[in-house]
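These are my notebook entries on a structure that is new to me. I set down what I looked up, first on enclosed spaces and then on charged pairs.

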Amino acid sequence: VNVFAENDPGLQDSFLQLNLIMAPKKNRPENESSSVPNAIPGLNLNNLVDHLPCYVSIQDRDLQILYVNENFKKDFGDGVGKKCHSVYKSSTDKCPNCPVQKTFEDRRLHITEETVQLANGKICQILIQTSPIFNENGEVTAVIEMATNITQVKIDQKELATLGQSIALLSHGLKNILEGLQGGAYVVDESFKDEDMALARKGWQIVSKNIYGVADFVKNILYSSKNRPLKYDLASPGQLVKDSLALFKERAAGMHIRLRHQINPDIPNVQLDVASIRMVLDNLIWNALEACHIDKQNKKHLVSVKTDFFDKDHFIFEITDNGTGMDERTQRNIFEEFFSTKGSAGTGLGLAVAEKVVNKHGGRIEVTSTPGKGTKFKVILKIQ
Amino acid sequence: MAENLKIVMIDDNTDFLFTMETFLQRNGFEVHTAEDGQAGIDLIKKESPDLILLDIMMETLFSGFEVCKQVRSDDDLKDIPIIGISAMGDELDINYSQWPDYEYFRPDSFLEKPVDKQRLLQMIPEVIQKAQKRKRSPKWKKEIEKDWAQKASQKKRS
């Protein structure tokens with residue numbers, strides 16, 4: 001019956017006791033209890049528990065560990081003689097939902113999940129199951145605990161939850177675009193009835209704005225869902241800035257926002273994935289325009305895009321607006337996928353995609369912002 | 001029905017405001033619009049409309065929910081029916097039900113973007129009629145609280 005302690009003289013004492021506690025009233029015949037493990041080379045009753053693909057430990061009423069298996073030792077160190085909470089969590093207090101104590105109290109099986117720290121410092125989620133060990137009088141004398149590392153399961157669960165949330169947000173974004181398309185089309189239809197050109201123009205403006213919306217939306221979704229390798233071409237940063245700004249000329253005029261560019265003519269042509277850097281600039285400029293557009297302060301709004309040397313090996317794209325600005329919490333979250341403050345207007349993908357692209361180029365994005373004053377994004381890239 | 005009915009519409013999306021204004025005017029309603037919550041409240045006080053169409057997910061500090069709250073807490077405005085509009089659809093009720101006092105202030109009805117315009121035309125008289133039948137007394141908030149307490153204790157007993 002004593003399957004654990006033979007290899008470890010330090011455990012003998014506590015296990016002699018356990019042995020007494022656990023001894024069944026009638027001993028089973030030797031060969032029956034040992035026949036299966038003996039059939040497998042290298043495995044016997046003495047090391048069976050050590051080989052179990054989970055952590056096994058036995059605790060007494062004071063939560064002191066009496067026994068641990070090899071797998072436990074490998075990941076948490078030899079915890080025998082210590083309290084389980086100090087081994088699992090380096091904590092002097094017991095865990096709030098301690099399943100071991102519950103099993104001592106109600107003599108039943110218990111299951112909990114805990115976040116613990118391995119000896120190598122790694123944080124893990126484990127699923128713990130406990131069951132009581134009884135003595136001859138039916139009293140609980142110890143609790144055996146089996147724990148499984150479920151960290152990966154937890155990560156997968158989180159991803160699924162994020163995915164669900166993402167789909168809800170995506171459909172929210174699409175519904176808004178659809179509203180714009182249907183609404184704009186309605187206005188155009190009405191204008192035909194009256195042959196009212198001014199109304200037609202207004203309606204068509206709404207439609208075409210939302211067609212842009214669909215295009216941006218789809219581009220960003222595709223980019224964030226695919227891990228596309230970069231395709232480098234030689235390009236002029238100044239020209240990229242001019243191209244992107246040209247795209248937004250009409251939209252900015254419609255929003256009464258001035259666009260300005262500042263280009264250092266000495267910047268050489270550089271190796272870039274042109275399509276994806278264009279998307280970064282488009283996303284940042286569009287954000288800047290929107291930050292101005294939703295700003296209710298009565299001031300002249302301006303979005304300026306600058307490209308210049310950062311140092312001798314790097315150049316910079318700098319997108320500055322004098323719109324609403326962001327508080328610190330927002331600044332911390334802007335690069336998270338599906339984070340958006342734009343509610344109806346955002347997919348929460350634009351900046352996440354921008355950061356992904358810039359990081360892939362070996363560059364970085366910096367942001368400084370003051371609520372009420374405006375925001376500055378710096379994209380710093382190698383000259384190569 | 002539509003004749004002489006006055007609607008205040010609050011939404012921070014100017015395109016949506018324009019579309020809906022065009023639609024509602026062409027169906028015989030008098031429409032006044034505001035682009036944020038504060039301007040909306042001022043407009044409601046000035047116009048005492050028969051109905052409020054409200055974007056509940058506005059990005060301004062003064063959210064749609066805040067507008068509901070101010071309307072319902074004002075003795076002169078509390079019975080004006082509100083239709084809440086958002087692209088959030090099903091998720092919406094869940095999100096907003098976490099607000100404190102949501103039950104007192106919630107809109108009378110919801111409409112999802114993209115707006116089904118024919119459904120909106122059906123909904124307007126329904127919502128207005130319902131609101132006329134159910135006038136809130138000046139102590140309506142206390143009454144609802146009492147009603148709730150009763151329901152809660154009934155639940156416990158059963």
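What volume does the second largest cavity have? I looked it up in this predicted model and noted about 70 Å³.

**Entry: the second largest cavity**

I listed the residues that line the second largest cavity: Asp216(A), Lys219(A), Asn220(A), Phe248(A), Met279(A), Asp282(A), Asn283(A) and Trp286(A). I then asked which elements give two or more residues to this lining. They are helix 8 (197-225) and helix 10 (274-293) of chain A. Helix 10 of chain A gives the most, with four residues. By class, I recorded three nonpolar, two polar and three charged residues in the lining of the second largest cavity.

**Entry: the largest cavity**

I next looked up how many cavities of 30 Å³ or more there are, and the count is three. The largest cavity has a volume of about 100 Å³. I noted 13 residues in its lining. Those that lie nearest the centre of the largest cavity are Cys84(A), Tyr88(A), Cys95(A), Cys98(A) and Pro99(A).

Which elements each supply at least two residues of the lining of the largest cavity? I found helix 5 (84-89), helix 6 (99-106) and strand 3 (110-117), which belong to chain A. The largest share, three residues, comes from helix 5 of chain A. I entered the classes for the lining of the largest cavity as nine nonpolar, one polar and three charged residues.

**Entry: a salt bridge between chains**

I turned to the charged side chains. Side chains of opposite charge can pair when their charged atoms come close. How many salt bridges does the structure hold over all chains? I recorded 20.

One that I examined joins Glu112(B) to Lys175(A), with the closest N and O atoms 2.6 Å apart. This pair crosses between chains: Glu112(B) lies in strand 5 (residues 109-112) of chain B, and Lys175(A) lies in helix 7 (residues 151-194) of chain A. Is Lys175(A) buried or exposed? Its relative accessibility is 17%, so I entered Lys175(A) as buried, the cut-off being under 20%. Glu112(B) has a relative accessible area of 33%, and I therefore entered Glu112(B) as partly exposed.

**Entry: helix 7 of chain A**

I looked up a salt bridge within helix 7 of chain A, between Lys193(A) and Glu190(A). The N to O distance is 2.7 Å. These two residues are three residues apart in the helix, about one turn. I compared how far each is covered. Lys193(A) counts as exposed because its relative accessibility is 60%, where the cut-off is over 50%. Glu190(A) is buried, at a relative accessible area of 8%.

Which residues are linked with this pair in a network of salt bridges? I noted Asp194(A) and Arg26(B), linked in the network with Glu190(A) and Lys193(A).

**Entry: a further pair in chain A**

My last entry concerns Arg364(A) and Glu366(A), whose side chains meet in a salt bridge at 2.9 Å, N to O. I looked up the accessibility of each partner. Arg364(A) is partly exposed, with a relative accessible area of 39%. Glu366(A) also counts as partly exposed, at 31% relative accessibility.

Technical notes:
Residues are numbered from 1 along each chain as its sequence is written. Chains are lettered from A and ligands numbered from 1 in the order in which they are written. This is a predicted model: local features need pLDDT of at least 70, side-chain atom pairs count only at pLDDT 80 or more; totals for chains, interfaces and linings use all residues. Side-chain values use heavy atoms; hydrogens and water are left out. A salt bridge is a side-chain nitrogen of Lys or Arg within 4 Å of a carboxyl oxygen of Asp or Glu. Buried means under 20% relative accessible area, exposed over 50%, partly exposed in between (1.4 Å probe, protein chains only). On a 1 Å grid over the protein atoms alone, a cavity is a set of points where a 1.4 Å probe fits but cannot get out, and a pocket is an open set with protein on both sides within 12 Å along at least five of seven lines; lining residues have an atom within 4 Å of a point. Grid points are joined across faces, edges and corners, and a volume is the space filled by probe spheres set on the points. Ala, Val, Leu, Ile, Met, Phe, Trp, Tyr, Cys and Pro count as nonpolar, Asp, Glu, Lys and Arg as charged, and the others, Gly among them, as polar.
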